[in-house]
Each structure stands twice: as C-alpha cells, then as structure tokens.
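Thanks for asking me to look this over. My notes are below as numbered points, so that you can follow along with the model open.

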Amino acid sequence: MSSSNYRRNKAAIDQFRKELMAMVEDIDVRVLNQAVNEGVRYAKKKSPVITGHFRKNWRSAPAVRSKTGEATKVLVNNADYAAYVNYGHRAVDKAGNTTGYIKSKDGDHLLERTVNYVDKRLIVLFKAEVEAVQKKHDK
C-alpha cells in the first residue's frame, strides 16, 4: 500500500513540477514582451510631434532567448534624427559658430525615460505573473 501511494504522489509531484517549469520558462519572455510593448506606447505618447515621423518610428522586435537562457528585447527609434531629439544638439549660424543648445522639452532623454518606465513595468508585471502561478497552484 505504501508503494502505491509513493508512486501516485511521485507522479503528482512530477506532473506539478513539469507544469510549473513550463510556466516559469514562458513567464520571462511573456512579461518582457508586454513591458517593452507598453514602453513603445509610452515613447510614442511622449514623443514630440512636428511631422509625426519620429513618433511613428518607435519599434521593438519580439523577445528572443539567448544560448545562455536570457531573454532580450530591443527598443529602437529608426528616425535619422532620433539622437538629436533624445540628446539635444547645438545650433550654429552660417559662419559655423555655436549660437546655442537646443533641447526638446518632450523628447529630452526620452529613450532613457522609456527604459526606466519599462523597468518599473517589468517589476509589476513579473510580480503579477508570479502571483497568478501561485494562485493557480495553491488550491
């Protein structure tokens, strides 16, 4: 009788472990995709608009898992002048003399602010996913 209980318990534990590992392996990619996609929306919302080209060029690729098992995702703006909007630039006169420094009020360090936003969202979303897994398995 104890041998039968042992096999049933072992089978149940193995099944639980298998389900849990499948969920955990998928959590980081799912959370990363969601957080960076929210970051793209944040960047587009905060982008300064003159023609709309800068705002439209915010992109992210799907999350990929490296050989070491880490998940990564890229957030970029492909507009030719994105660095000038993000970091500012100097203004020059016709003689080439610097006349001032131009910083965009809305675009100033937008990439860095977006990365900070994504970091905060990652924490919140990952915590919510962990709680969902705990809730599912705490019957």
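1. Let me start with the spot I would click on first. Asp108 sits in the loop that runs between strand E6 (98-102) and helix H4. Is Asp108 buried or exposed? Its relative accessible area is 18%, and the cut-off for buried is under 20%, so Asp108 counts as buried. Leaving out residues up to four places away in sequence, Asp108 touches Val85, Asn86, Lys103 and Arg113. Please keep in mind throughout that this is a predicted model.

2. The next residue to look at is His109, which is also placed in the loop between E6 and H4. Its phi is near 55°, a positive value in a residue other than glycine. With a relative accessibility of 33%, His109 counts as partly exposed.

3. Now for the overall layout. The chain contains four helices and six strands. In sequence order, the pattern reads α-α-β-β-β-β-α-β-β-α.

4. The overall dimensions deserve a comment. For a compact globule of 139 residues one would expect a radius of gyration near 14 Å, but this chain has 24 Å. The C-alpha trace spans about 95 × 30 × 20 Å along its principal axes. Of the 139 residues, 24% count as buried. The accessible surface of the chain is about 10200 Å², and carbon and sulfur atoms account for 57% of that.

5. How far along the sequence do the contacts reach? Taking the contacts between residues at least 6 apart in sequence, 53% join residues that are at least 24 apart.

6. On to the nonpolar core. In soluble globular proteins, nonpolar side chains tend to be buried together. Here the largest nonpolar core has 19 residues, and Val36, Phe54, Trp58 and Leu75 are those with the most contacts inside it. Helix H1 (2-46), helix H3 (82-87) and helix H4 (110-137) are the elements that each give two or more residues to this core. Which of them gives the most? That is H1, with eight residues.

7. Val36 is a good place to look around inside that core. Setting aside its neighbours within four places in sequence, Val36 is in contact with Ser60, Lys73, Val74, Leu75 and Val118. One of these partners, Leu75, is also listed with Val36 among the residues with the most contacts inside the core.

8. The aromatic side chains make a nice set to inspect. The structure holds three aromatic pairs. In one of them, the rings of Tyr42 and Tyr117 have centres 4.4 Å apart and planes at 5°, so this pair is stacked. The pair links distant parts of the chain, with Tyr42 in helix H1 and Tyr117 in helix H4, 75 residues apart. Are the two partners buried or partly exposed? Tyr42 is buried, at 18% relative accessible area, whereas Tyr117 counts as partly exposed, at 27%.

9. There is a ring cluster too: ring pairs join Phe54, Trp58 and Tyr81. Of these, Phe54 and Trp58 appear again among the residues with the most contacts inside the largest nonpolar core.

10. Last, the hairpin. Strand E5 (residues 89-92) pairs with E6 in the antiparallel sense, over four bridges. Within this pairing, Arg90 stands opposite Tyr101 in E6, and Val92 stands opposite Thr98 in E6. Five residues lie between the two strands of the hairpin, and in the turn Gly96 has a positive phi of about 90°. The far end of E6 leads back to the loop with Asp108 from my opening point.

Methods: Residues are numbered from 1 along each chain as its sequence is written. This is a predicted model: local features need pLDDT of at least 70, side-chain atom pairs count only at pLDDT 80 or more; totals for chains, interfaces and linings use all residues. Side-chain values use heavy atoms; hydrogens and water are left out. A nonpolar core is a set of buried Ala, Val, Leu, Ile, Met, Phe, Trp, Tyr and Cys residues joined through side-chain atoms within 4.5 Å. Buried means under 20% relative accessible area, exposed over 50%, partly exposed in between (1.4 Å probe, protein chains only). Contact means heavy atoms within 4.5 Å. Rings of Phe, Tyr and Trp (its six-membered ring) pair if their centres lie within 6.5 Å; planes under 30 degrees apart count as stacked, over 60 as edge-to-face and the rest as tilted. Two strands pair if DSSP finds at least two bridges between them. The radius of gyration is taken over C-alpha atoms; the globule rule is 2.2 Å times the number of residues to the power 0.38. Accessible areas come from the Shrake-Rupley method with a 1.4 Å probe; for residues, only the protein chains shown count as cover.
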